[in-house]
Amino acid sequence: MRRFLLILFAAVFLSSSALAGPKAPVSLAGITLGEDYHKYEDLLRMELAGANSDAIFLDEALIRTGAIPGVRGGSVIWGNCANKDRIVRLKIKFADTSEDLFKRLLERYREKFGQPSAYQGDSFRNVVAWEWDISDAARHVNIVLMYSVNPDIRPGVSIKLTDQALLDLEFACYKENYRSRYLQEQAGAIEDLDTFVPR
């Protein structure tokens with residue numbers, strides 16, 4: 001009986017430790033997901049801030065070159081629907097565009113977060129992108145570490161950090177309140193399919 005209780009205690013302890021897991025990371029280069037973007041306006045090119053063209057439920061401002069040491073650019077992205085002004089994603093692009101920097105960061109990420117959840121790069125390795133999905137009781141965070149030599153994807157090293165739960169809330173709010181009205185009122189119907197075949 002005593003042995004059974006010890007085994008039961010050990011099983012409960014180990015399973016609760018596993019369930020607790022690591023805390024999801026929320027800060028990168030001094031910027032924290034979920035905070036009001038106004039806190040970081042001194043780092044941003046606010047004169048160019050505006051709606052994200054691919055996701056109009058998000059607003060975006062570019063990071064000023066040199067505002068964060070070693071960073072040449074990137075952006076801070078916040079919601080404008082469910083959690084107005086709260087940062088849902090940030091992107092960092094480094095001045096050092098070397099593969100060596102990418103490899104050193106990749107080693108650090110593997111030490112801290114374990115093996116990546118998925119590979120997001122291309123098969124020719126013009127773009128190498130590793131993704132981690134990390135969740136805790138409060139958050140679901142997605143991290144992408146990327147190295148590119150593709151001129152269409154701004155060559156060099158970059159990091160993307162996303163609070164997936166906040167992003168999902170923004171999209172749900174947009175769908176519920178704006179999407180159908182926006183699409184119907186603004187887009188209209190296709191009149192001639194040949195208009196969209198390159199000539």
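In the predicted model, Leu-145 touches Phe-102, Leu-105, Leu-106, Tyr-109, Val-128, Ala-129, Trp-130, Trp-132, Val-157, Ser-158 and Ile-159, when residues up to four places away in sequence are not counted. Together with Ile-31, Leu-145 touches the most other members of the largest nonpolar core, a set of 34 residues. Two or more residues of this core are supplied by each of S5, S6, H2, strand S8 (127–135), strand S9 (140–148) and S10. Helix H2 gives the largest share, with 5 residues. Another core lies apart from this one and has 8 residues, including Ala-55, Phe-57, Leu-58 and Leu-166.

The strands that contribute to the largest core also take part in a sheet. Eight strands form this open sheet, and their order across it is S3-S4-S5-S6-S10-S9-S8-S7, with antiparallel pairing. At its edges are strand S3 (50–51) and strand S7 (118–119), each of which pairs on one side only. In general, the strands of a sheet pair through backbone hydrogen bonds, in either a parallel or an antiparallel sense.

From the S3 edge inward, the pairing can be followed strand by strand. S3 and S4 run antiparallel and are joined by 2 bridges; a hairpin of 6 residues connects S3 to S4. Within this pairing, Gly-50 has Glu-60 of S4 as its bridge partner. Strand S4 (residues 58–62) is mostly covered, as 4 of its 5 residues are buried. On to S5, the antiparallel pairing of S4 comprises 5 bridges, and here Leu-58 is matched with Gly-79 of S5 as its bridge partner. Leu-58 is also among the members of the 8-residue core.

Farther along the sheet order, strand S6 (residues 87–94) pairs with strand S10 (residues 156–163) in the antiparallel sense, over 5 bridges. In this pairing, the bridge partner of Lys-93 is Ser-158 of S10. Ser-158 is also one of the residues that Leu-145 touches. S10 runs antiparallel to S9 as well, and 8 bridges join these two strands. Leu-145 has Ile-159 of S10 as its bridge partner, and Ile-159 is likewise listed among the contacts of Leu-145. Strand S10 is mostly covered, with 7 of its 8 residues buried.

A search of the whole structure finds 1 disulfide. This bond joins Cys-81 to Cys-173, with an S to S distance of 1.9 Å. The torsion about the S-S bond is about -70 degrees, so the disulfide is left-handed. Cys-81 is located in the loop between strand S5 (71–79) and S6, whereas Cys-173 belongs to helix H3 (residues 164–187); the pair therefore ties together parts that are 92 residues apart in sequence. Both ends of the bond are covered: Cys-81 counts as buried at 17% relative accessibility, and Cys-173 is buried with a relative accessible area of 14%.

Aromatic side chains were also examined, and the count comes to 8 aromatic pairs. The rings of Tyr-109 and Phe-113 have centres 5.7 Å apart and planes at 85 degrees, so this pair is edge-to-face. Both residues lie in helix H2 (residues 99–113), where they are 4 residues apart, about one turn of the helix. Tyr-109 counts as buried at 11% relative accessibility, while Phe-113 counts as partly exposed at 24%. Tyr-109 is, in addition, one of the residues touched by Leu-145. Elsewhere, Phe-57, Phe-171 and Tyr-174 form one aromatic cluster; of these, Phe-57 is also a member of the 8-residue core. A charged side chain meets an aromatic ring where Arg-110 lies over the face of Trp-130, at 5.7 Å from the ring centre. Trp-130 is itself among the contacts of Leu-145.

Outside the paired strands, Asp-42 is placed in the loop between strand S2 (31–32) and S3. With 54% relative accessibility, Asp-42 counts as exposed. The C-alpha atoms of Asp-42 and Ala-67 are separated by 8.1 Å, although the two residues are 25 residues apart along the chain.

Key: Residues numbered from 1 in each chain as written. Predicted model: local features only at pLDDT ≥ 70, side-chain atom pairs only at ≥ 80, totals over all residues. Heavy atoms only, no water. Pairing = 2+ DSSP bridges. Disulfide = S-S within 2.5 Å. Buried < 20%, exposed > 50% of the residue type's maximum accessible area, 1.4 Å probe, protein only. Phe/Tyr/Trp six-rings, centres within 6.5 Å; stacked < 30°, edge-to-face > 60°. Lys NZ or Arg CZ within 6 Å of the ring centre and 35° of its normal. Core = buried A, V, L, I, M, F, W, Y, C linked by side-chain atoms within 4.5 Å. Contact = heavy atoms within 4.5 Å.
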